[in-house]
Each structure stands twice: as C-alpha cells, then as structure tokens.
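Me: Could you take me through one part of this model up close, and then work outwards from there? I'd like the pieces joined up rather than listed.

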Amino acid sequence: MNNMSDFDLKLADFTDAVNKKLEEIAEVPRVLEKSVYEAMEYSLLAGGKRIRPVLTAAVAEMLGGCVEDGITAGCALECVHTYSLIHDDLPCMDNDDLRRGKPTCHKVFPENIALLAGDGLLNKAFEILSDEGSFKEVDGETALALIRCLSRASGAAGMIGGQVIDLEGENREDLTLDELVAMLSLIHI
C-alpha cells in the first residue's frame, strides 16, 4: 500500500517533470566557453524544492492550461531564481561558501565564471520564454506578457531593488519596518 497522498504524488510528478526539463535546459554544449555552461549546470541542477516551477505547473493545470507550458515557464523562472542565488553568494554580496550544503558556484568555479554563469541563466530564462518552439499552446502575445512580467519582477523595481535595500541596510541599526518589508517583498522572485 502506498502511503503517499494525492498531493505528494502530484508534487513528485511535477518535481520529476521540472527536473527533467531543467536537465535539458542545462545541457552543456561542446563549445569553447564550456566552463560557463558547466557553472550554469552546476548551480541550476544543485537541487532544491523546485517550488516556483511546480507552482507554475500546478496553476496551469488548475486553470485548464497546458501543464507542459507551465513547466517551461516555471523553469525559466527557476533560471532567474538560480541566477539571483549565484550573484547573492558572490564575495561582493553575501560571500557565502555553501548553498544547499554544497560549495557555492564561485567556490567551485572562478568568481568571474560564476558571475557570468548567473548572467547566462538570466538570459537563458528570456531565451526560453521568447523561443517560438518552447511552448505548445502559449501564443506570442502571452509569451511577451510573461517576458514583461518576469523582467519587471527581476529588475531594479523588483528583485534587484530588494537586493539594493539589503546591501544598503547592512550594519544599519535604523532600518525601518517599511524598508524591511519592502526588501523582503522585492528580493525573492
């Protein structure tokens, strides 16, 4: 008898589908700049709950949309999230040595390659969303709306702005509740 609930089974199915899609996305091409792709793959496939793409797929299913398209859009979101983690771990930001129990990207690869890996994942997200072959049912207008939404959420008025509040708030004892709430609402995509 299986002890997993329907929720747990659905979560496992979505997570497996997301991980397979991320493995396709992270595949390292045979090119001269192979090290940056390896750093992107290292960070993108480092694990995690995959909550963003799983929720995106679940909402697509709930609304009667194409689950596979939800997974694709969610994986683009996961690329942006992973880029933000790589950059957040860099010495110029939080200077973290570990992420999810593993050495951070800049500890495994040179710092400049880690920085470029983050940049590569950010651009990969928009490449995924803008590629005509990425989706089964999402049309060009909807893809453009997805790109607009993700770019706003991850830009200076979103996640980057939250990171600025975080950096400028370090060692400040007068950080207000409003500043803290603004930072927390913006920093996580």
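What relative accessible area does Arg100 have, and does that make this residue buried or exposed, or something in between?

Reply: One thing before we zoom in: this is a predicted model. Arg100 has a relative accessible area of 38%, so this residue is partly exposed. You'll find Arg100 in the loop between β1 (98-99) and β2 (102-103). Have a look at the backbone while you're there: phi is positive at Arg100, about 55°, although the residue is not a glycine. As background, most residues other than glycine have a negative phi.

Step back into strand β1 and you land on Arg99. With 24% relative accessible area, Arg99 counts as partly exposed, since the buried class stops under 20%. Setting aside residues up to four places away in sequence, Arg99 touches Leu85, Asp88, Asp89 and Thr104. If you want a sense of distance, compare its position with Arg152: the two are 53 residues apart in sequence, and their C-alpha atoms are 26 Å apart in space.

Arg50 is another non-glycine residue with a positive phi, here about 60°. Arg50 sits in the loop between α2 and α3. Its relative accessibility is 4%, which means that Arg50 is buried. One residue that touches Arg50 is Leu44, whose other contacts beyond four places in sequence are Leu22, Ile25, Ala26, Glu78, Cys79, Thr82 and Leu121.

Leu44 takes us to the inside of the model. The largest nonpolar core has 34 residues, and Leu44 is among those touching the most other members, along with Ile25, Cys79, Val80, Cys105, Ala117 and Leu121. At least two residues of this core come from each of α1 (6-25), α2 (34-44), α3 (51-62), α4 (67-89) and α6 (111-130). The biggest contributor is α4, with nine residues. In general terms, nonpolar side chains tend to be buried together in soluble globular proteins.

Back to α2 for a moment, where Ser43 lies. Ser43 is buried, at 9% relative accessible area. Apart from neighbours within four places in sequence, Ser43 is in contact with Thr82, Ile86 and Cys105. Tyr37 is found in α2 as well, but with 27% relative accessible area Tyr37 is partly exposed. Its contacts beyond four places in sequence are Val28, Pro29 and Val31. Thr72 is 35 residues from Tyr37 along the chain, with 19 Å between the C-alpha atoms.

Now for the helix pairs. The axes of α3 and α4 are 7 Å apart, and the helices pack at an angle of about 155°. Angles over 145 degrees count as roughly antiparallel, so that is the label α3 and α4 get. Their crossing is right-handed. On the α3 side the contact is made by Arg52, Pro53, Thr56, Ala57, Ala60 and Glu61, and on the α4 side by Val67, Gly70, Ile71, Ala73, Gly74, Cys75, Leu77, Glu78 and His81. Sorted by class, that contact has eight nonpolar, four polar and three charged residues.

Further along the chain, helix α8 (residues 159-169) packs with helix α9 (residues 177-187) at an angle of about 140°, with the axes 7 Å apart. This angle makes α8 and α9 oblique to each other, and their crossing is left-handed. From α8, the contact uses Met159, Gly161, Gly162, Gln163, Ile165 and Asp166; from α9, it uses Glu179, Ala182, Met183, Leu186 and Ile187. The class breakdown here is six nonpolar, three polar and two charged residues.

One last stop is Ser134, in the loop between α6 and α7 (140-154). Ser134 is buried, with a relative accessible area of 17%. Beyond its neighbours within four places in sequence, Ser134 is in contact with Asp69, Thr72 and Ile128. Ser134 and Asp69 are 65 residues apart in sequence, with 7.8 Å between their C-alpha atoms.

Note on methods
Residues are numbered from 1 along each chain as its sequence is written. This is a predicted model: local features need pLDDT of at least 70, side-chain atom pairs count only at pLDDT 80 or more; totals for chains, interfaces and linings use all residues. Side-chain values use heavy atoms; hydrogens and water are left out. A nonpolar core is a set of buried Ala, Val, Leu, Ile, Met, Phe, Trp, Tyr and Cys residues joined through side-chain atoms within 4.5 Å. Buried means under 20% relative accessible area, exposed over 50%, partly exposed in between (1.4 Å probe, protein chains only). Helices (H or I, at least four residues) and strands (E, at least two) are DSSP runs, numbered from the N terminus. Contact means heavy atoms within 4.5 Å. Axes are lines fitted to C-alpha atoms, for helices over the stretch in contact, and angles run from 0 to 180 degrees between N-to-C directions. Angles under 35 degrees count as roughly parallel, over 145 as roughly antiparallel, 65 to 115 as roughly perpendicular and the rest as oblique. A crossing is left-handed if the near helix is turned anticlockwise from the far one by less than a right angle, and right-handed if clockwise. Ala, Val, Leu, Ile, Met, Phe, Trp, Tyr, Cys and Pro count as nonpolar, Asp, Glu, Lys and Arg as charged, and the others, Gly among them, as polar.
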